[in-house]
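Here is a quick tour of how some helices pack and where the empty space sits. Have the model open while you read.

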Amino acid sequence: MSPTSLLPLARRPAAPGDGLCDGAEDAQGDFPTRAMARLRRIGLLAAPLPEALGGRGLCEPDRVDALRALLTEVGRDDLAVGRLYEGHVNALALVLRYAEPAVAGRLARDAAQGHLFGVWNTEPAEGGLVLDGAGGLHGAKSYASGAGFVTRPLVTARLADGRRLMLVMRLEPGARADLSAWRAHGMRASATGTVDFSGLGLRDGEVIGAPDDYGRQPFFFAGAWRFLAVQLGGIEAVIETHRAHLSATDRAEDPHQQARFGQAMVAAETSRLLVARAARIAAAEAGSPERVIAYVNLARTAVEQAGLDVIALAQRSIGLAGFLESHPLERRMRDLATYLRQPAPDFALTGMAAHALAALEPLHALWPEMGPDPEPGMRPDADAPRSAEAVG
């Protein structure tokens, strides 16, 4: 069985529809402890690793469809869990790509033992993370999701010459985390905060790659496809809630409701196709780095707009009831709206447009087809993902 086919087995049969997170963890500073424990128990924290290191090879290019499907499945269940798991995958992907084999082996053992990884690269306006000449760290990282719970964060530290070096630090649970400023509209259970690394040093972590490897292209920008896959899951969850409400209120036959729901379906399916293609292009690194990044940015722009549209359509259809805390739409649209706020959306859009405008090829030839989607049952990961109903 593939990792995604195992995912529904982690759900509690007594609570259909709850998915990985039972919804109780939605207060400021919360963390989805039970959900992450399930991911750990069924081996999904080690799944990104190659089989030789105890995983299931989900970071390998030929497994990109399985990884994409898993990220969407987790996001469909709970976006806070999806954000944390995507960060875990991103950190391990960077380790596998840039770390020395001995370092990768040690960190792979940490992942297999259940340590949660993450990528923390955002810094406060003053007091960003610096590595001095003696190997000591000074400063903090901000907007760090999983602060206090991620025990193997991958961080970037500035060197004296301005370059940035990747480090995976070994932290104790609860250490150095300040969640007091995270009072967000959504994604409350992501435990996002500030972590101060002052007083730690190279002795407390592992060096990953060479200076400035973190920003190497296209891997850096094109890796955005992973959070798009999680966002797609959030879009699908909003639409499922939209549909369930229309059915429960006996309004599914109303033509105005059908029109709104139909528009939401178009937005979701368009996003699914774009994310699938972006993932394959990014994994294959087909073409110049600029061209790979441009397609991922195209998908990023479309998914953001689709998410905003799907939220608005569900709100119009469900009405005031959808804004009540007791309604499942309320948290789902809060979390999705917050998670859609990724950095530099205008840069992504205009960068993609500038690349297409400057290209000499016809537009239809910018990103050659990489083969059609295989028929169901014919793809290598044909058993992933399966719905909870199918597995049940």
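α7 passes α9 in a left-handed crossing. Keep in mind that this is a predicted model. The two helices pack at about 20°, their axes 10 Å apart, and that makes α7 roughly parallel to α9. The α7 side of this contact includes Trp-225, Phe-227, Leu-228, Gln-231 and Ile-235, and further along Val-238, Ile-239, Thr-241, His-242, His-245 and Leu-246. Across from them, α9 brings residues including Val-296, Ala-299, Arg-300, Val-303, Ala-306 and Val-310. By class, the contact comes out at 15 nonpolar, six polar and one charged.

α7 also packs against α10. Their axes come within 10 Å and cross at roughly 155°; an angle over 145° counts as roughly antiparallel, and α7 and α10 are therefore roughly antiparallel to each other. This crossing is left-handed too. From α7, the residues in contact are Phe-227, Val-230, Gln-231, Gly-234, Ile-235, Ala-237, Val-238 and Thr-241, and they meet Pro-328, Leu-329, Arg-332, Met-333, Leu-336 and Tyr-339 of α10. Sorted by class, that gives ten nonpolar residues, three polar and one charged. Several names turn up in both contacts: Phe-227, Gln-231 and Ile-235, for instance, touch α9 and also α10.

The other pair to look at is α2 (residues 33-41) with α4, which pack at about 45° with axes 10 Å apart. That makes α2 oblique to α4. Here the crossing is right-handed. Ala-35, Met-36 and Leu-39 on the α2 side meet Val-81, Leu-84 and Tyr-85 on the α4 side. The class count is simple: six nonpolar residues, no polar and no charged.

Here are the three pairs side by side.

| Helix pair | Angle | Axis distance |
|---|---|---|
| α7 and α9 | about 20° | 10 Å |
| α7 and α10 | roughly 155° | within 10 Å |
| α2 and α4 | about 45° | 10 Å |

Now for the empty space. Which elements supply at least two residues each to the lining of the second largest pocket? They are α4 (79-98), β1 (117-120), β4 (140-144), α6 (219-222), α7 (225-248), α9 (289-318), α10 (328-339) and α11 (345-358). So far as volume goes, about 1,100 Å³ of space lies in this pocket. Of its 36 lining residues, Arg-83, Asn-121, Phe-227, Gln-342 and Pro-343 are the closest to the centre. α4 gives the largest share of the lining, with five residues. If you're thinking about polarity, the lining splits into 18 nonpolar, twelve polar and six charged residues. Phe-227 is a handy landmark: this residue is among the closest to the pocket centre, and on α7 it is in contact with α10 as well as with α9.

The structure also holds one cavity of 30 Å³ or more, with about 60 Å³ of space inside. Arg-83, Leu-84, Gly-87, His-88, Leu-116, Phe-117, Gly-118, Val-119, Trp-120, Ser-145 and Val-150 line this cavity. α4 and β1 are the elements that give two or more residues to the lining. By class, there are six nonpolar, four polar and one charged. Two of these names have come up already: Arg-83 is one of the residues closest to the centre of the second largest pocket, and Leu-84 is in the α4 contact with α2.

Two backbone details are worth a glance before you set anything up. Where is the cis peptide bond with omega near 10°? The bond runs from Gln-217 to Pro-218, and Pro-218 belongs to the loop between β9 (205-208) and α6. The other detail is Tyr-143, which has a positive phi of about 50° although it is not a glycine. Tyr-143 lies in strand β4, and β4 is one of the elements that supply at least two residues to the lining of the second largest pocket.

How values were computed
Residues are numbered from 1 along each chain as its sequence is written. This is a predicted model: local features need pLDDT of at least 70, side-chain atom pairs count only at pLDDT 80 or more; totals for chains, interfaces and linings use all residues. Side-chain values use heavy atoms; hydrogens and water are left out. On a 1 Å grid over the protein atoms alone, a cavity is a set of points where a 1.4 Å probe fits but cannot get out, and a pocket is an open set with protein on both sides within 12 Å along at least five of seven lines; lining residues have an atom within 4 Å of a point. Grid points are joined across faces, edges and corners, and a volume is the space filled by probe spheres set on the points. Helices (H or I, at least four residues) and strands (E, at least two) are DSSP runs, numbered from the N terminus. Ala, Val, Leu, Ile, Met, Phe, Trp, Tyr, Cys and Pro count as nonpolar, Asp, Glu, Lys and Arg as charged, and the others, Gly among them, as polar. Axes are lines fitted to C-alpha atoms, for helices over the stretch in contact, and angles run from 0 to 180 degrees between N-to-C directions. Angles under 35 degrees count as roughly parallel, over 145 as roughly antiparallel, 65 to 115 as roughly perpendicular and the rest as oblique. A crossing is left-handed if the near helix is turned anticlockwise from the far one by less than a right angle, and right-handed if clockwise. Contact means heavy atoms within 4.5 Å.
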